[in-house]
Amino acid sequence: MSAATTRSRTPDRLCAEAVDLALSAAEEAAAPGVVGEHSGLVSEGDRVVTHFFECKEFGYRGWRWAVTVARASRAKLVTLDEVVLLPGPDALQAPEWVPWSERLRPGDMGPGDLLPTDAEDLRLEPGYSGEDEPLPNSVLGSASASVALAADLAEAEDADITPGSPADFTVVPARGSIAAVAEELGMRRARVLSRYGLHSAADRWEDAYGPTTPMAQAAPATCVSCGFLVAIGGSLGQAFGVCTNEFAPADGRVVSLAYGCGGHSEAAVMPKPPVPPPHVIDETMVDPFPLRPAADSGSVSVDGADADGDTADLGHS
(Lines give C-alpha, C1' and ligand atoms only; values in the text may rest on other atoms or scores of the structure.)
Protein backbone atom coordinates (compact mmCIF):
# COMPACT_ATOMS: atom_id res chain seq x y z
CA MET A 1 0.00 0.00 0.00
CA SER A 2 1.42 3.36 -1.01
CA ALA A 3 1.91 6.31 1.31
CA ALA A 4 -0.61 8.39 -0.62
CA THR A 5 -3.31 5.75 -0.09
CA THR A 6 -2.52 5.62 3.62
CA ARG A 7 -2.77 9.40 3.92
CA SER A 8 -6.09 9.49 2.05
CA ARG A 9 -7.68 6.95 4.41
CA THR A 10 -6.47 8.76 7.51
CA PRO A 11 -8.60 11.88 8.16
CA ASP A 12 -6.76 15.13 8.44
CA ARG A 13 -6.62 16.21 12.09
CA LEU A 14 -7.55 19.85 11.58
CA CYS A 15 -10.36 18.99 9.15
CA ALA A 16 -11.67 16.28 11.51
CA GLU A 17 -11.77 18.77 14.39
CA ALA A 18 -13.77 21.32 12.36
CA VAL A 19 -17.13 19.97 13.57
CA ASP A 20 -18.46 23.37 14.62
CA LEU A 21 -17.67 24.86 11.21
CA ALA A 22 -19.46 21.98 9.51
CA LEU A 23 -22.48 22.22 11.85
CA SER A 24 -22.90 25.95 11.33
CA ALA A 25 -22.70 25.48 7.55
CA ALA A 26 -25.36 22.73 7.64
CA GLU A 27 -27.70 24.82 9.79
CA GLU A 28 -27.28 27.75 7.43
CA ALA A 29 -28.14 25.63 4.38
CA ALA A 30 -31.04 23.75 6.03
CA ALA A 31 -34.19 24.91 7.73
CA PRO A 32 -33.99 25.65 11.48
CA GLY A 33 -34.22 22.58 13.67
CA VAL A 34 -33.69 19.93 10.99
CA VAL A 35 -29.95 19.32 11.57
CA GLY A 36 -29.30 16.70 14.23
CA GLU A 37 -26.29 15.31 16.03
CA HIS A 38 -22.91 14.64 14.47
CA SER A 39 -22.99 11.01 13.17
CA GLY A 40 -19.44 10.54 11.89
CA LEU A 41 -16.95 11.56 9.29
CA VAL A 42 -15.07 10.10 6.34
CA SER A 43 -11.85 11.04 4.61
CA GLU A 44 -12.33 12.00 0.98
CA GLY A 45 -8.60 12.49 0.28
CA ASP A 46 -5.60 14.45 1.43
CA ARG A 47 -6.84 17.22 3.78
CA VAL A 48 -10.47 16.69 2.68
CA VAL A 49 -13.01 15.40 5.23
CA THR A 50 -16.81 15.05 5.07
CA HIS A 51 -18.81 15.40 8.30
CA PHE A 52 -22.26 13.80 8.60
CA PHE A 53 -25.16 15.13 10.67
CA GLU A 54 -28.55 13.52 11.26
CA CYS A 55 -31.50 14.90 9.31
CA LYS A 56 -34.72 15.54 11.24
CA GLU A 57 -36.70 16.65 8.21
CA PHE A 58 -40.04 14.82 7.84
CA GLY A 59 -39.98 12.42 4.92
CA TYR A 60 -36.18 12.07 4.90
CA ARG A 61 -35.74 9.17 7.25
CA GLY A 62 -32.17 7.85 7.18
CA TRP A 63 -30.81 10.84 5.23
CA ARG A 64 -27.77 12.81 6.42
CA TRP A 65 -26.41 16.29 5.99
CA ALA A 66 -22.96 15.95 4.47
CA VAL A 67 -20.60 18.88 4.95
CA THR A 68 -17.20 18.66 3.23
CA VAL A 69 -14.32 20.77 4.56
CA ALA A 70 -10.75 21.08 3.32
CA ARG A 71 -7.54 22.97 3.89
CA ALA A 72 -4.65 23.87 1.65
CA SER A 73 -1.25 22.29 1.94
CA ARG A 74 0.75 23.66 4.92
CA ALA A 75 -2.20 25.86 5.92
CA LYS A 76 -3.92 25.79 9.27
CA LEU A 77 -7.17 27.42 8.10
CA VAL A 78 -9.99 24.96 7.31
CA THR A 79 -12.42 26.13 4.65
CA LEU A 80 -15.89 24.99 3.64
CA ASP A 81 -16.24 22.99 0.41
CA GLU A 82 -19.93 22.02 0.02
CA VAL A 83 -23.11 21.14 1.94
CA VAL A 84 -25.49 18.49 0.54
CA LEU A 85 -28.23 16.19 1.78
CA LEU A 86 -27.35 12.57 0.99
CA PRO A 87 -29.16 9.28 1.67
CA GLY A 88 -27.69 7.00 4.31
CA PRO A 89 -27.43 3.20 4.27
CA ASP A 90 -31.02 2.78 5.56
CA ALA A 91 -32.52 5.85 3.90
CA LEU A 92 -35.98 5.86 2.44
CA GLN A 93 -35.54 6.54 -1.27
CA ALA A 94 -37.79 6.62 -4.30
CA PRO A 95 -37.43 3.66 -6.68
CA GLU A 96 -35.28 4.04 -9.75
CA TRP A 97 -37.08 5.90 -12.49
CA VAL A 98 -38.26 3.68 -15.32
CA PRO A 99 -39.56 5.08 -18.64
CA TRP A 100 -43.28 4.76 -19.23
CA SER A 101 -42.68 2.48 -22.20
CA GLU A 102 -41.03 -0.04 -19.86
CA ARG A 103 -43.52 0.42 -17.01
CA LEU A 104 -46.56 -0.23 -19.17
CA ARG A 105 -48.05 -3.70 -18.82
CA PRO A 106 -50.84 -5.45 -20.75
CA GLY A 107 -54.19 -4.38 -19.41
CA ASP A 108 -53.04 -1.00 -18.05
CA MET A 109 -54.89 1.01 -20.68
CA GLY A 110 -58.34 2.25 -19.80
CA PRO A 111 -61.13 4.11 -21.60
CA GLY A 112 -59.83 7.38 -23.04
CA ASP A 113 -56.14 6.50 -22.66
CA LEU A 114 -53.81 7.11 -25.61
CA LEU A 115 -50.76 4.92 -26.18
CA PRO A 116 -48.26 6.65 -28.50
CA THR A 117 -46.20 4.35 -30.69
CA ASP A 118 -42.53 5.02 -31.21
CA ALA A 119 -41.55 5.96 -34.73
CA GLU A 120 -38.80 3.32 -34.58
CA ASP A 121 -40.99 0.60 -33.08
CA LEU A 122 -39.53 -2.75 -34.12
CA ARG A 123 -42.99 -4.30 -34.21
CA LEU A 124 -44.00 -2.12 -37.17
CA GLU A 125 -42.62 -1.40 -40.59
CA PRO A 126 -43.64 1.08 -43.31
CA GLY A 127 -46.69 0.09 -45.31
CA TYR A 128 -48.08 1.51 -48.52
CA SER A 129 -47.01 5.15 -48.87
CA GLY A 130 -50.17 6.23 -50.65
CA GLU A 131 -48.44 7.87 -53.58
CA ASP A 132 -50.09 7.32 -56.94
CA GLU A 133 -47.04 5.91 -58.65
CA PRO A 134 -48.10 3.41 -61.34
CA LEU A 135 -45.69 0.73 -62.47
CA PRO A 136 -43.36 1.78 -65.31
CA ASN A 137 -44.64 -0.96 -67.65
CA SER A 138 -48.33 -0.26 -67.02
CA VAL A 139 -50.62 1.72 -69.28
CA LEU A 140 -51.10 4.33 -66.60
CA GLY A 141 -47.36 4.49 -66.09
CA SER A 142 -46.74 5.14 -69.80
CA ALA A 143 -49.38 7.86 -69.86
CA SER A 144 -47.92 9.49 -66.77
CA ALA A 145 -44.47 9.34 -68.30
CA SER A 146 -45.77 11.01 -71.47
CA VAL A 147 -47.37 13.81 -69.49
CA ALA A 148 -44.18 14.25 -67.45
CA LEU A 149 -42.09 14.33 -70.64
CA ALA A 150 -44.37 16.96 -72.14
CA ALA A 151 -44.07 19.06 -69.00
CA ASP A 152 -40.27 18.82 -69.10
CA LEU A 153 -40.20 19.89 -72.76
CA ALA A 154 -42.50 22.80 -72.07
CA GLU A 155 -40.29 23.95 -69.24
CA ALA A 156 -37.18 23.64 -71.43
CA GLU A 157 -38.82 25.70 -74.20
CA ASP A 158 -40.19 28.23 -71.68
CA ALA A 159 -43.70 27.57 -72.93
CA ASP A 160 -47.05 26.96 -71.31
CA ILE A 161 -49.24 23.90 -71.81
CA THR A 162 -52.79 25.00 -72.43
CA PRO A 163 -55.48 22.54 -71.48
CA GLY A 164 -57.21 21.00 -74.48
CA SER A 165 -59.90 18.39 -75.00
CA PRO A 166 -60.00 15.35 -72.69
CA ALA A 167 -59.09 13.12 -75.62
CA ASP A 168 -55.74 14.86 -75.99
CA PHE A 169 -54.63 14.20 -72.41
CA THR A 170 -54.63 10.94 -70.54
CA VAL A 171 -56.16 11.49 -67.11
CA VAL A 172 -55.75 8.81 -64.47
CA PRO A 173 -59.20 8.18 -62.98
CA ALA A 174 -59.40 8.40 -59.21
CA ARG A 175 -61.23 5.08 -58.91
CA GLY A 176 -58.63 3.25 -60.98
CA SER A 177 -55.63 4.66 -59.11
CA ILE A 178 -53.36 2.48 -57.04
CA ALA A 179 -54.26 4.38 -53.89
CA ALA A 180 -57.98 3.79 -54.45
CA VAL A 181 -57.46 0.07 -55.06
CA ALA A 182 -55.22 -0.26 -52.02
CA GLU A 183 -57.75 1.53 -49.84
CA GLU A 184 -60.56 -0.69 -51.12
CA LEU A 185 -58.54 -3.80 -50.29
CA GLY A 186 -57.65 -2.51 -46.84
CA MET A 187 -53.94 -2.23 -47.63
CA ARG A 188 -53.50 1.55 -47.43
CA ARG A 189 -51.92 1.80 -43.97
CA ALA A 190 -48.99 3.94 -42.94
CA ARG A 191 -47.35 1.05 -41.06
CA VAL A 192 -47.93 -2.67 -40.97
CA LEU A 193 -46.85 -5.46 -38.67
CA SER A 194 -43.20 -6.39 -39.07
CA ARG A 195 -41.78 -9.89 -38.85
CA TYR A 196 -40.50 -9.13 -35.37
CA GLY A 197 -43.95 -7.95 -34.26
CA LEU A 198 -45.50 -11.04 -35.83
CA HIS A 199 -43.18 -13.41 -33.98
CA SER A 200 -43.57 -11.45 -30.75
CA ALA A 201 -47.36 -11.76 -30.87
CA ALA A 202 -47.12 -15.46 -31.74
CA ASP A 203 -44.81 -16.13 -28.79
CA ARG A 204 -47.09 -14.22 -26.44
CA TRP A 205 -50.19 -16.12 -27.56
CA GLU A 206 -48.32 -19.41 -27.45
CA ASP A 207 -47.34 -18.81 -23.83
CA ALA A 208 -50.91 -17.93 -22.81
CA TYR A 209 -52.85 -20.58 -24.75
CA GLY A 210 -50.34 -23.01 -26.15
CA PRO A 211 -49.54 -26.72 -25.91
CA THR A 212 -47.29 -26.31 -22.86
CA THR A 213 -50.02 -24.96 -20.56
CA PRO A 214 -51.47 -27.28 -17.87
CA MET A 215 -54.91 -27.08 -19.49
CA ALA A 216 -53.58 -28.29 -22.82
CA GLN A 217 -51.55 -31.07 -21.20
CA ALA A 218 -54.71 -32.51 -19.64
CA ALA A 219 -56.98 -31.96 -22.65
CA PRO A 220 -58.42 -34.98 -24.49
CA ALA A 221 -57.74 -33.43 -27.92
CA THR A 222 -56.28 -30.32 -29.55
CA CYS A 223 -58.10 -27.29 -30.91
CA VAL A 224 -57.28 -28.14 -34.50
CA SER A 225 -60.04 -30.79 -34.44
CA CYS A 226 -62.52 -28.80 -32.33
CA GLY A 227 -65.74 -27.56 -33.86
CA PHE A 228 -65.70 -24.40 -31.75
CA LEU A 229 -62.50 -23.13 -33.40
CA VAL A 230 -62.86 -20.26 -35.88
CA ALA A 231 -60.02 -19.86 -38.37
CA ILE A 232 -58.26 -16.52 -38.85
CA GLY A 233 -56.65 -15.17 -42.00
CA GLY A 234 -53.07 -14.35 -42.79
CA SER A 235 -49.94 -16.24 -41.88
CA LEU A 236 -51.03 -16.45 -38.22
CA GLY A 237 -53.97 -18.59 -39.31
CA GLN A 238 -51.57 -21.46 -39.92
CA ALA A 239 -50.94 -21.80 -36.19
CA PHE A 240 -53.76 -19.94 -34.38
CA GLY A 241 -57.51 -19.59 -34.26
CA VAL A 242 -60.25 -18.08 -32.10
CA CYS A 243 -62.16 -20.11 -29.51
CA THR A 244 -65.96 -19.64 -29.52
CA ASN A 245 -66.98 -22.06 -26.75
CA GLU A 246 -68.62 -19.97 -24.03
CA PHE A 247 -67.81 -22.61 -21.40
CA ALA A 248 -64.14 -22.93 -22.37
CA PRO A 249 -61.43 -21.02 -20.48
CA ALA A 250 -60.23 -19.40 -23.72
CA ASP A 251 -63.57 -18.17 -25.03
CA GLY A 252 -62.99 -15.23 -27.37
CA ARG A 253 -59.20 -15.60 -27.18
CA VAL A 254 -56.62 -16.39 -29.83
CA VAL A 255 -55.47 -19.96 -29.13
CA SER A 256 -52.83 -22.17 -30.65
CA LEU A 257 -54.01 -25.02 -32.81
CA ALA A 258 -52.09 -27.30 -30.47
CA TYR A 259 -53.96 -25.97 -27.44
CA GLY A 260 -56.84 -27.92 -25.92
CA CYS A 261 -59.27 -28.07 -23.03
CA GLY A 262 -62.06 -30.19 -21.66
CA GLY A 263 -64.63 -28.29 -23.72
CA HIS A 264 -63.56 -29.96 -26.97
CA SER A 265 -66.54 -30.50 -29.24
CA GLU A 266 -65.74 -34.20 -29.71
CA ALA A 267 -64.27 -34.96 -26.31
CA ALA A 268 -67.41 -36.37 -24.68
CA VAL A 269 -70.33 -36.69 -27.08
CA MET A 270 -73.50 -37.36 -25.12
CA PRO A 271 -75.09 -40.68 -26.25
CA LYS A 272 -78.68 -40.76 -27.41
CA PRO A 273 -81.15 -42.10 -24.86
CA PRO A 274 -81.97 -45.80 -25.48
CA VAL A 275 -85.33 -46.60 -27.05
CA PRO A 276 -87.22 -49.08 -24.82
CA PRO A 277 -88.54 -52.27 -26.49
CA PRO A 278 -92.29 -52.72 -26.94
CA HIS A 279 -94.20 -54.08 -23.93
CA VAL A 280 -95.05 -57.77 -23.82
CA ILE A 281 -98.21 -56.98 -21.94
CA ASP A 282 -99.59 -53.60 -22.68
CA GLU A 283 -101.20 -52.51 -19.45
CA THR A 284 -102.05 -49.09 -20.76
CA MET A 285 -104.68 -50.34 -23.19
CA VAL A 286 -108.28 -51.28 -22.29
CA ASP A 287 -109.64 -54.63 -23.46
CA PRO A 288 -113.46 -54.56 -23.85
CA PHE A 289 -115.32 -57.60 -22.45
CA PRO A 290 -119.09 -58.05 -23.21
CA LEU A 291 -121.40 -58.63 -20.29
CA ARG A 292 -123.40 -61.22 -22.28
CA PRO A 293 -122.23 -63.63 -24.98
CA ALA A 294 -123.09 -62.79 -28.51
CA ALA A 295 -126.15 -64.46 -29.99
CA ASP A 296 -124.15 -66.16 -32.70
CA SER A 297 -121.26 -67.22 -30.51
CA GLY A 298 -122.66 -70.73 -29.76
CA SER A 299 -123.09 -73.88 -31.88
CA VAL A 300 -126.89 -73.43 -32.04
CA SER A 301 -128.36 -70.81 -34.27
CA VAL A 302 -130.57 -68.13 -32.90
CA ASP A 303 -133.76 -69.49 -34.53
CA GLY A 304 -133.11 -73.04 -33.20
CA ALA A 305 -132.69 -74.61 -36.62
CA ASP A 306 -129.69 -76.61 -37.51
CA ALA A 307 -128.04 -76.81 -40.82
CA ASP A 308 -130.62 -79.41 -42.06
CA GLY A 309 -133.61 -77.28 -41.08
CA ASP A 310 -134.55 -79.43 -38.05
CA THR A 311 -135.43 -77.73 -34.84
CA ALA A 312 -134.18 -78.62 -31.38
CA ASP A 313 -135.69 -77.47 -28.15
CA LEU A 314 -132.66 -77.75 -25.95
CA GLY A 315 -129.87 -77.69 -28.37
CA HIS A 316 -127.89 -80.95 -28.55
CA SER A 317 -129.85 -84.07 -27.61
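This is a short walk through the strands, ring contacts and empty spaces of one predicted model.

Okay, ground rules before anything else. Because the model is predicted, local features need pLDDT of at least 70 and side-chain atom pairs count only at pLDDT 80 or more, while totals for chains, interfaces and linings use all residues. Residues are numbered from 1 along each chain as its sequence is written, and side-chain values use heavy atoms, with hydrogens and water left out.

Let's start with the strands. When I say helix or strand, I mean DSSP runs numbered from the N terminus: H or I with at least four residues for helices, E with at least two for strands. Two strands pair if DSSP finds at least two bridges between them.

So, how many bridges join strand 1 to strand 2? Seven, and the two strands run antiparallel. If you want one to click on, L41 has H51 in strand 2 as its bridge partner. The two strands make a hairpin with two residues between them. Strand 2 then pairs with strand 3, again in the antiparallel sense, over seven bridges; there, V49 is partnered by V69 in strand 3.

How covered is strand 2? Mostly: six of its eight residues are buried. Buried here is under 20% relative accessible area, exposed is over 50%, and partly exposed is in between, with a 1.4 Å probe and protein chains only.

Now, backbone angles. Most residues other than glycine have a negative phi. Here are two arginines that don't. R47 sits in the loop between strand 1 (35–45) and strand 2 (48–55), and its phi is near 60°, a positive value. R47 counts as partly exposed because its relative accessibility is 29%. R74 is in the loop between strand 3 (63–70) and strand 4 (79–87), with a positive phi of about 65°. Is R74 buried or exposed? Exposed, because its relative accessible area is 85%.

Further along the chain there's another set of strands. Strand 7 (residues 229–231) and strand 8 (residues 240–243) run antiparallel, joined by three bridges, and L229 has C243 in strand 8 as its partner. Strand 8 also goes antiparallel with strand 9 (residues 254–256), with three bridges as well; G241 is matched with V255 in strand 9.

On to the rings. Rings of Phe, Tyr and Trp (its six-membered ring) pair if their centres lie within 6.5 Å; planes under 30 degrees apart are stacked, over 60 edge-to-face, and the rest tilted. Searching the whole structure gives three aromatic pairs. One of them is Y60 with W63, edge-to-face at 5.3 Å centre to centre and 85° between the planes. Y60 is partly exposed at 35% relative accessibility, whereas W63 is buried at 18%.

Another is Y209 with Y259: the centres are 5.6 Å apart and the planes are at 90°, so this pair is edge-to-face. This one links distant parts of the chain, with Y209 in the loop between helix 7 and helix 8 (214–217) and Y259 in the segment after strand 9, 50 residues apart. Both partners are covered: Y209 is buried at 15%, and Y259 is buried at 4%.

One charge-over-ring contact to mention: R64 lies over the face of F52, 4.0 Å from the ring centre. The rule is NZ of Lys or CZ of Arg within 6 Å of the ring centre and within 35 degrees of the ring normal.

Last topic, empty space. The grid is 1 Å, over the protein atoms alone; a cavity is a set of points where a 1.4 Å probe fits but cannot get out, a pocket is an open set with protein on both sides within 12 Å along at least five of seven lines, and lining residues have an atom within 4 Å of a point. Points are joined across faces, edges and corners, and the volume is the space filled by probe spheres set on them.

The largest pocket holds about 740 Å³. Its lining has 21 residues, with S101, L104, L115, D121 and R123 nearest the centre. Which element gives the largest share of that lining? Helix 7, with five residues. By class, the lining has ten nonpolar, five polar and six charged residues. Nonpolar is Ala, Val, Leu, Ile, Met, Phe, Trp, Tyr, Cys and Pro; charged is Asp, Glu, Lys and Arg; the others, Gly among them, are polar.

There's one cavity of 30 Å³ or more, with about 100 Å³ of space in it. Fifteen residues line it, and C223, C226, C243, C261 and G263 lie nearest its centre. That lining has ten nonpolar, five polar and no charged residues.
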